[in-house]
Amino acid sequence: MTKEVAQKLRAIATEINALADELEEGKKPKKEKEVKQPTLEEVRTVLAELSRKGYTTNVRMMLIGLGVNKLSEVDPKDYPELLAKAKELEDATKD
């Protein structure tokens, strides 16, 4: 029993060392799931649908909230935030 515990601890230590090595090398650990970055086209589709539903002013306010006047000026790193706000609006306006 003690021998099995020691082997499991060594295996865990090996995994921890491997993760530490990856972090030191600037790599993302293998087990982290990468989040797909939305594209401009995906964001445009969602916002256009909201506009068609009559929420053009709300969409405009979302853009202004990011400090821009039009979608093409939005920094791609802000796409997830913009989609999250769009989803909140969509959820809030469901019948």
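Modeller: Quick ground rule: helices (H or I, at least four residues) and strands (E, at least two) are DSSP runs, numbered from the N terminus. This is a predicted model, where local features need pLDDT of at least 70, side-chain atom pairs count only at pLDDT 80 or more, and totals for chains, interfaces and linings use all residues. Residues are numbered from 1 along each chain as its sequence is written, and side-chain values use heavy atoms, with hydrogens and water left out.

Colleague: How many helices does the protein chain have?

Modeller: Going from the N terminus, the elements read α-α-α-α. There are 0 strands, and the helix count is 4.

Colleague: Is Val-5 buried, partly exposed or exposed?

Modeller: Val-5 sits in helix α1, residues 2-24. Buried means under 20% relative accessible area, exposed over 50%, and partly exposed in between (1.4 Å probe, protein chains only). Because its relative accessibility is 43%, Val-5 is partly exposed.

Colleague: Okay, now the inside. Which helix gives the most to the largest nonpolar core?

Modeller: A nonpolar core is a set of buried Ala, Val, Leu, Ile, Met, Phe, Trp, Tyr and Cys residues joined through side-chain atoms within 4.5 Å. The largest one has 13 residues, and Met-62 and Leu-82 are among those touching the most other members. Helices α2 (40-52), α3 (56-65) and α4 (79-92) each bring at least two residues to this core. With 4 residues, the top giver is α4.

Colleague: And what share of the protein chain's residues is buried?

Modeller: The protein chain has 95 residues in total, and the buried share of them is 18%.
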